[in-house]
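Trainee: Please take me closely through one part of this model, its pairing and what packs around it. What should I look at?

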Amino acid sequence: QVQLVESGGGSVQAGGSLRLSCAVSGSTYSNACMAWFRQAPGKEREGITTISSSGAGTRYADSVKGRFTISRDSAKNMVYLQMNSLNPEDTAMYYCAAVECWSETTLPALRTSDFRYWGQGTQVTVSS
């Protein structure tokens with residue numbers, strides 16, 4: 001079992017930065033692939049980035065590539081999302097997600113169906 005709690009959301013002006021955090025509890029952190037998704041009002045949940053259990057592999061959606069960075073700190077059981085150059089289109093509820101990955105090189109696709117555990121979300125609002 002894995003429990004996820006996001007924090008770090010808030011309001012920021014366009015061009016600004018935020019760092020989201022996801023606290024991971026449970027016995028499978030070391031074997032968990034992690035990801036960040038987001039959902040804007042009236043839109044489907046979108047996968048934006050994922051990281052392998054070892055941290056060596058990452059994948060980004062085109063919409064955030066070059067602006068967002070996912071990372072994990074195994075000593076603290078944390079996953080982070082550094083978001084730079086934010087624009088109003090980034091406004092959404094951001095969710096941390098996890099799934100057991102039994103290979104260090106596995107990197108799931110950015111699909112909601114590929115992830116088993118979800119946090120409650122943290123709101124990010126970017127004003128122009």
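Mentor: Start with the open sheet of 4 strands, in the order E1-E3-E8-E7, with antiparallel pairing. Strands (E, at least two residues) and helices (H or I, at least four) are DSSP runs, numbered from the N terminus. Two strands pair if DSSP finds at least two bridges between them. This is a predicted model: local features need pLDDT of at least 70, side-chain atom pairs count only at pLDDT 80 or more, and totals for chains, interfaces and linings use all residues. Residues are numbered from 1 along each chain as its sequence is written, and side-chain values use heavy atoms, with hydrogens and water left out.

The edges of the sheet are strand E1 (2-7) and strand E7 (68-73), and each pairs on one side only. Direction ignored, neighbouring strands here are turned by 20° against each other on average. The axes behind that angle are lines fitted to C-alpha atoms, for helices over the stretch in contact, and angles run from 0 to 180 degrees between N-to-C directions.

Take the E7 edge. Strand E8 (residues 78-83) pairs with E7 over 6 bridges, in the antiparallel sense. Phe68 has Met83 of E8 as its bridge partner. Asn77 sits in the loop between E7 and E8. Its phi is near 55°, a positive value in a residue other than glycine. Most residues other than glycine have a negative phi, and most peptide bonds are trans. Asn77 is partly exposed, with a relative accessible area of 24%. Buried means under 20% relative accessible area, exposed over 50%, and partly exposed in between (1.4 Å probe, protein chains only). Past E8 there is another positive phi, about 50°, at Ser85, again not a glycine. Ser85 lies in the loop between E8 and E9. At 45% relative accessibility, Ser85 is partly exposed.

Now follow the chain into E9. Of its 9 residues, 8 are buried, so E9 is largely enclosed by the rest of the structure. E4 and E9 run antiparallel, joined by 8 bridges. Cys33 has Val99 of E9 as its bridge partner. E9 also pairs with strand E11 (residues 122-127), antiparallel, over 3 bridges. There, Tyr94 stands opposite Thr122. E10 pairs with E9 over 2 bridges, also in the antiparallel sense. Here Ala97 stands opposite Trp118.

Trp118 leads to the rings. Together with Phe37 and Phe115 it forms one aromatic cluster. The structure holds 2 aromatic pairs. One is Phe37 with Phe115: edge-to-face, 5.5 Å centre to centre, 75° between the planes. Phe37 lies in strand E4 (residues 32-39) and Phe115 in the loop between strand E9 (92-100) and strand E10 (117-118), so the pair ties together parts that are 78 residues apart in sequence. Rings of Phe, Tyr and Trp (its six-membered ring) pair if their centres lie within 6.5 Å; planes under 30 degrees apart count as stacked, over 60 as edge-to-face and the rest as tilted. Both rings sit inside: Phe37 is buried at 0% relative accessible area, and Phe115 is buried at 6%.

Phe115 also touches Thr50. Thr50 lies in strand E5 (residues 46-51). It is buried, at 0% relative accessible area. Other residues in contact with Thr50 include Met34, Ala35, Ile70, Leu107 and Leu110, leaving aside residues up to four places away in sequence. Contact means heavy atoms within 4.5 Å. A polar atom of the Thr50 side chain lies 2.9 Å from the backbone oxygen of Met34.

Just beyond E5 comes the loop to strand E6 (58-60), which holds Ser53. Ser53 is buried, at 8% relative accessibility. Among the residues it touches are Cys33, Arg72, Cys101 and Glu104.

Finally, two arginines over rings. Arg19 lies over the face of Tyr80, 4.2 Å from the ring centre. The charged end of Arg45 sits over the ring of Tyr95, 3.7 Å from its centre. The test is that NZ of Lys or CZ of Arg is within 6 Å of the ring centre and within 35 degrees of the ring normal.

Terms used: A polar contact is a pair of N or O atoms within 3.5 Å; within protein, one must be able to donate a hydrogen and the other to accept it, and residues adjacent in sequence count only if both atoms are side-chain atoms.
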